[in-house]
Amino acid sequence: MKKSLLTLCFVLLSAMAGAQCVSALDALKTDPRRAYGTDYPYLLETPQLTKAPRGYKPFYISHYGRHGSRYYWSSSLYKELDTLLTLAHERHLLTPVGEKFRQKFMAAKAELQTGVSELTDLGWQQHQGIARIMYNNFPEVFEHGGNVLAISSLVGRCVISMAGFCQELVQCNPKLEIREQSSRFTLDGVVPTDGQNPVKHNYPKDLKPRYEKNRSQFKGAPSVLRDNILKRVFVRTDSLPGRPHHIGSNLINLYTSLPSIGHEGMMDGIITDEEIAAEWERDNLGSYSWVFGPQYQMIPILQDILKKASAAIDGSSDRVADLRFGHDTCIGPLTVLMGINGADLDPEDPNEVKNCYQNWETCKASNIQLIFYRSKKATDDILVKCLMNGREATLPVPTDNYPYYKWSDFQKFYHNKCSYALR
């Protein structure tokens, strides 16, 4: 019996992988910038959503969102490139293309170094847009006003993202009463791994996805992008500081950050989106390891979701929405922990990883929305729908009515998942 079940699970996994493979690669062809992965700027869309079953009405939303677009997170990128380009210029080691890039970089240097890690105007606009789309998609949740609690990481770009989101909701309906909080008291529900969190946990961490044992089976072509970039920028690099691979990585990181900070065109002639996309599958493997490892450390967020949803359902809380604003280091592993769109499948074959996780799903301003519906006939008859970046998403919870899941099944499944990790 166990063998038959394992065989069935493998067949279902393979079928799911085959169905999603074309989708992932087609998505790259449609928009090569998705290959920026976690640097991909959120694309505001309004995809058509499945109507709720007859007699059900949305009444509560639970949300987790990453901060919006920002300058690069570390000043080391800008400082290292400043030193590198200055020396290369002085030693006449820049190509004509490299010299044009240096001039553009130096013209923007003061802004870049001042803006390190700060939210940009685009990041603000992303959260305003997400809030308005949420309001328009589910007006029944907000139509009578009501209370909303928004909690944020202690980091400024998350606080400002929260402010933009909440301000837009109030613009949609001034009757809403929104309390915004960025506090050590609420870190467990938004960034449990923050060193300032007074609640300490001992959850399993640094888990390894199974594909890593079989990485040699990856069929992708060898990476050539960094070598090509260096040839376009420098005459040679042997007398310049830094390993060639690190220099190439810095240039790629700068390039993928440019749309978020309004400096597209700075690196014309050096990198193209299509070249980034050609190496996306290889980079996505590393991303999967990165989000897979700390998934259990996000259990406090999932428990916060379950606890607050239960309170909204049983009436002990009068909130119509709970909003959370944090980081990719949380929403990425949370996506795996919850198994959203199959992110928890953990395939052994590295060539199948792209079918269960695409790193652009953890993009700037990425968000998870759980929409709760109540039946008009029975107040305890509750359905849940999950949106990942505004699109209906699958969960590993049994259902015969996708994209809707019974709250009782949802609650039981994730309660058991949390308990399993603590055994």
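These are my notebook entries on the largest pocket and on one pair of packed helices in this predicted model.

**Entry 1, the largest pocket.** I began with the empty space, and I found that the largest pocket holds about 880 Å³. I then looked up its lining, which is made up of 29 residues, and I noted that Tyr36, Thr38, Asp39, Tyr72 and Asn253 are the ones that lie nearest the centre of the pocket.

**Entry 2, where the lining comes from.** I asked which helices supply at least two residues each to this lining, and they are helix 7 (225-233), helix 8 (244-261), helix 10 (280-292) and helix 12 (328-338). Helix 8 gives the largest share, with six residues. When I sorted the lining by class, I counted eight nonpolar, 13 polar and eight charged residues.

**Entry 3, helix 11 against helix 12.** Helix 12, which I had already met as a supplier of the pocket lining, also packs with helix 11 (residues 299-314), and their axes are 9 Å apart at an angle of about 70°. Angles of 65 to 115 degrees count as roughly perpendicular, and helix 11 and helix 12 are therefore roughly perpendicular to each other. I also recorded that the crossing of helix 11 past helix 12 is right-handed.

**Entry 4, the residues that meet.** On the side of helix 11 I listed Ile299, Ile301 and Leu302, which meet Cys330, Leu334, Leu337 and Met338 of helix 12. By class, this contact has seven nonpolar residues, with no polar and no charged ones, whereas the lining of the largest pocket includes 13 polar and eight charged residues.

Technical notes: Residues are numbered from 1 along each chain as its sequence is written. This is a predicted model: local features need pLDDT of at least 70, side-chain atom pairs count only at pLDDT 80 or more; totals for chains, interfaces and linings use all residues. Side-chain values use heavy atoms; hydrogens and water are left out. On a 1 Å grid over the protein atoms alone, a cavity is a set of points where a 1.4 Å probe fits but cannot get out, and a pocket is an open set with protein on both sides within 12 Å along at least five of seven lines; lining residues have an atom within 4 Å of a point. Grid points are joined across faces, edges and corners, and a volume is the space filled by probe spheres set on the points. Helices (H or I, at least four residues) and strands (E, at least two) are DSSP runs, numbered from the N terminus. Ala, Val, Leu, Ile, Met, Phe, Trp, Tyr, Cys and Pro count as nonpolar, Asp, Glu, Lys and Arg as charged, and the others, Gly among them, as polar. Axes are lines fitted to C-alpha atoms, for helices over the stretch in contact, and angles run from 0 to 180 degrees between N-to-C directions. Angles under 35 degrees count as roughly parallel, over 145 as roughly antiparallel, 65 to 115 as roughly perpendicular and the rest as oblique. A crossing is left-handed if the near helix is turned anticlockwise from the far one by less than a right angle, and right-handed if clockwise. Contact means heavy atoms within 4.5 Å.
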